[in-house]
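Biologist: Before I rely on any label attached to this model, I would like to hear the reasoning behind it. Could you take me through the terms one at a time?

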Amino acid sequence: MQILVTGATGYAGRRVSAALARAGHTVLGLTRDPATAADLVVDEVTPVRGDLAKPDTWREHLDGTDAVVHLVMDLNDPMGTDRTLFAEISEAEKRDGRRRHLVYTTGISSYGRTGVALMDENTPGNPESPIGFRFALEAELAASGIAHTVVRPGFLYGGPATTSMTAQWFAAAEEGTPVFYGDIAKRWSWVHVDDLADAYVRVLDREPAGEVFVIADDQRMTALDVQRAAVRAAGFTGEIRLEPAEAGGIMQVAADQDELVSSAKAHRLLGWRPRHVSFTDAPQRHHGAWRASGR
């Protein structure tokens, strides 16, 4: 199968692209920066240049492609860019009659405050969430006629960490200024980035049927306890400063609630199980991987 991956040089994108290549697929990794091309080549991914916000730069890469894995959110125009992607896939299918499988990534913070103790694929999102628009985009995709699967990952950790919350915690700990934003009792579901990559491989082994899959491990720790493990691994022994979520910006506000999910559906239909039990099992190893990546 030939697969186009958007966000291929990002944190999740790099690991997902590599896992798909290892599974025997021909993977095209979309990147705006030719300087990152070598990183993709090392993983046996073919770099193709393009800017997702400018479809003229990547439209041709849809030709001959069997699937698109969408792993990036355009912070400048998240709804507009994703709608453009949907439209371009539809137009490509009209041109050549080739059905494409779009694997569309959102995330569990899209739920917002639901009041549900353990959320799953059927839990309605709160439209007042700062990133609740992603549920609206999921609905538009479902109505589009495009063959698709939606993946909602938990909070990522592992490897270079890059855009993971754990990277922010490691960096702040090394600077001696760790801060926790928002409700100290909130709990989040997490998933190792390589376990997430395995889920994408499994999704693409199935016929697309408009399914939604939540992908996360089974741990139920508070976010503050996970941060404590992270900062101790980074050598910080003091107290973590507490601040309101608003002080941390929109993404901290969006995640300022319990976000616990069940991946029972992925276990049942994909045969997916996390191989990494929890971030707290090996925080020193995760810190070492983050440091070795050059941060």
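Modeller: Let us begin with the second largest pocket, which holds about 150 Å³ of space, bearing in mind that this is a predicted model. Its lining is formed by Thr9, Gly10, Tyr11, Arg14, Thr36, Asp39, Pro160 and Thr162.

Biologist: What makes the classes of the lining of the second largest pocket come out as they do?

Modeller: The lining has 2 nonpolar, 4 polar and 2 charged residues. Tyr and Pro count as nonpolar, Asp and Arg as charged, and the others, Gly among them, as polar.

Biologist: How many cavities of 30 Å³ or more does the structure hold, and what is the volume of the largest?

Modeller: There are 2 cavities of 30 Å³ or more, and the volume of the largest is about 60 Å³. A cavity is a set of points where a 1.4 Å probe fits but cannot get out, whereas a pocket is an open set. Trp188, Trp190, Asp217, Gln219, Arg220, Met221, Val226, Ser278 and Phe279 line the largest cavity, which by class gives 5 nonpolar, 2 polar and 2 charged residues.

Biologist: Which residues line the second largest cavity?

Modeller: The second largest cavity, with a volume of about 30 Å³, is lined by Thr149, Arg206, Glu207, Pro208, Ala209, Glu211 and Phe213. That lining divides into 3 nonpolar, 1 polar and 3 charged residues.

Biologist: Why is valine 103 called buried?

Modeller: Buried means under 20% relative accessible area, and valine 103 has a relative accessible area of 0%, so the label applies. Valine 103 lies in strand 5, residues 101–105, and, not counting residues up to four places away in sequence, touches Val68, Val69, His70, Thr149, Val151, Tyr200, Val203 and Leu204.

Biologist: Is glutamine 257, in the loop between helix 8 and helix 9, buried or exposed?

Modeller: Glutamine 257 has 7% relative accessibility and therefore counts as buried, the limit being under 20%. Its side chain reaches the backbone oxygen of alanine 254 at 2.5 Å, and a polar contact is a pair of N or O atoms within 3.5 Å. Leaving out residues up to four places away in sequence, glutamine 257 touches Gly112, Arg113, Lys186, Arg187 and Trp188.

Biologist: What does the side chain of serine 262 reach?

Modeller: Serine 262, found in the loop between helix 8 (250–254) and helix 9 (264–270), reaches the backbone nitrogen of alanine 264 with its side chain at 3.2 Å. Apart from neighbours within four places in sequence, serine 262 is in contact with Leu118, Met119, Asp120, Glu121 and Val214.

Biologist: How do you know that the buried residues of helix 10 line one face of the helix?

Modeller: In helix 10, residues 283–292, the buried residues are Pro283, His286, His287 and Trp290. Seen down the axis of helix 10, these buried residues fall within an arc of 100°, and therefore they line one face. An α-helix has 3.6 residues a turn, so residues three or four places apart point the same way. The face turned away from the buried side carries the exposed residues Gln284, Arg285 and Ala292.

Biologist: What covers the buried residues of helix 10?

Modeller: The cover includes strand 7 (155–157), helix 5 (165–175), strand 9 (190–192) and helix 7 (223–233). Helix 10 is followed by glycine 294, whose phi is positive, near 90°.

Technical notes:
Residues numbered from 1 in each chain as written. Predicted model: local features only at pLDDT ≥ 70, side-chain atom pairs only at ≥ 80, totals over all residues. Heavy atoms only, no water. Buried < 20%, exposed > 50% of the residue type's maximum accessible area, 1.4 Å probe, protein only. Helix = DSSP H or I, 4+ residues; strand = E, 2+ residues; numbered from the N terminus. Arc of directions from axis to C-beta. Contact = heavy atoms within 4.5 Å. 1 Å grid on protein atoms, 1.4 Å probe; cavity = no way out; pocket = protein on both sides within 12 Å on 5 of 7 lines; lining within 4 Å. Points joined across faces, edges and corners; volume = space filled by probe spheres on them. Polar contact = N/O pair within 3.5 Å; in protein donor to acceptor, adjacent residues only side chain to side chain.
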